[in-house]
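Grab a coffee and work through these exercises with the model open beside you. Try each task before you read its solution.

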Amino acid sequence: MRTLIATAFVSLDGVVEGPGGEPGYRNSGWTFDGIEFDEAAYELKGREQGEATAMMMGRVSYEGFAPVWPGMTVEFAGYNAMPKYVVSTTLQEKDLAGNWGETTILRSLDDVAKLKETEGGPIIIHGSAELNRNLADAGLIDRYHLLLFPVLLGAGKRLFSDADKDKRNLKLVESESYGNGVQKLIYDVIR
């Protein structure tokens, strides 16, 4: 069974929208706006590329990443080389980027569950706030890789849903605090 890992830059109040400067969000770029850069805080991002064997995202994130990431050959060499899965009911094969490697469209959470049952290594989920919420609510996420930033953003897309569901316990497996106030938090979902 494959491990499904949600990775996110998250504000203290749970917002994950626009961390890198994506257009359309009033606080876009919040991970570097007023936050001192500390290279050590991003070690996890490099490690993820080496450990993951595939990448998953929703349609909106795919449409944002596909025009940009293939050209980032140094920063995202690992991600660019690995297979990608896009969870979407509307994306068509003709809409896929021709220069970003093997990409498979999954049409449902059931398709994600079936993928998890196959042989292979970890699958990492990038961006995709709505997909992360839906996967978590369905009990499909196995691990969280969070870089928690010392900011309160108020409105914005959230990592976790507000659905009324049973409590789900997490086990902290790794943590570290950095001088700029960022915290690395890695949790396994307890089943």
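A residue is called buried under 20% relative accessible area, exposed over 50%, and partly exposed in between, using a 1.4 Å probe and protein chains only. This is a predicted model, so local features need pLDDT of at least 70 and side-chain atom pairs count only at pLDDT 80 or more, while totals for chains, interfaces and linings use all residues. Residues are numbered from 1 along each chain as its sequence is written, and side-chain values use heavy atoms, with hydrogens and water left out.

**Exercise 1. Work out how the protein is built and whether its radius of gyration agrees with the globule rule.**

Step 1: list the elements, where helices (H or I, at least four residues) and strands (E, at least two) are DSSP runs numbered from the N terminus. You should find five helices and eight strands, and reading from the N terminus gives β-α-β-α-α-β-β-α-β-α-β-β-β.

Step 2: apply the rule, 2.2 Å times the number of residues to the power 0.38, with the radius taken over C-alpha atoms. For 191 residues a compact globule would come out near 16 Å, and the protein has 16 Å, so the two agree. The C-alpha atoms fill a box of roughly 40 × 40 × 30 Å along the principal axes.

Step 3: look inside. Buried residues account for 44% of the 191. Now take contacts (heavy atoms within 4.5 Å): of those between residues at least 6 apart in sequence, 71% join residues at least 24 apart.

**Exercise 2. Find out how Trp30 and Phe149 pair up, and which parts they tie together.**

Step 1: set the rules. A pair of aromatic rings is described by the distance of the centres and the angle of the planes. Rings of Phe, Tyr and Trp (its six-membered ring) pair if their centres lie within 6.5 Å; planes under 30 degrees apart are stacked, over 60 edge-to-face, and the rest tilted.

Step 2: count and classify. The structure holds 11 aromatic pairs. Trp30 and Phe149 sit 5.6 Å apart, centre to centre, with 90 degrees between the planes, which makes them edge-to-face.

Step 3: place them. Trp30 is in the loop between β1 (4–11) and α1 (43–51), and Phe149 is in strand β6 (residues 143–149), so the pair ties together parts 119 residues apart in sequence. Both rings belong to buried residues.

Step 4: compare with another pair. Phe76 and Tyr79 are tilted, at 6.2 Å centre to centre and 40 degrees between the planes. Both of these are buried too. They also belong to one aromatic cluster, along with Tyr62, Phe65, Trp69 and Trp100.

**Exercise 3. Decide whether Val16, Ser128 and Ala155 are buried or partly exposed, and list what they touch.** Skip partners up to four places away in sequence.

Step 1: Val16. This residue lies in the loop between β1 and α1. Its relative accessible area is 14%, so Val16 is buried. Its partners include Trp30, Ala129 and Leu159.

Step 2: Ser128. Look in the loop between β5 (123–125) and α5 (129–137). With 8% relative accessible area, Ser128 is buried, and it touches Met57, Gly58 and Ser61.

Step 3: Ala155. This one is in the loop between β6 and β7 (170–177). At 46% relative accessibility, Ala155 counts as partly exposed. Its contacts are Val15, Tyr25 and Arg26. Ala155 and Gly14 are 141 residues apart in sequence, yet 9.6 Å apart in space, C-alpha to C-alpha.
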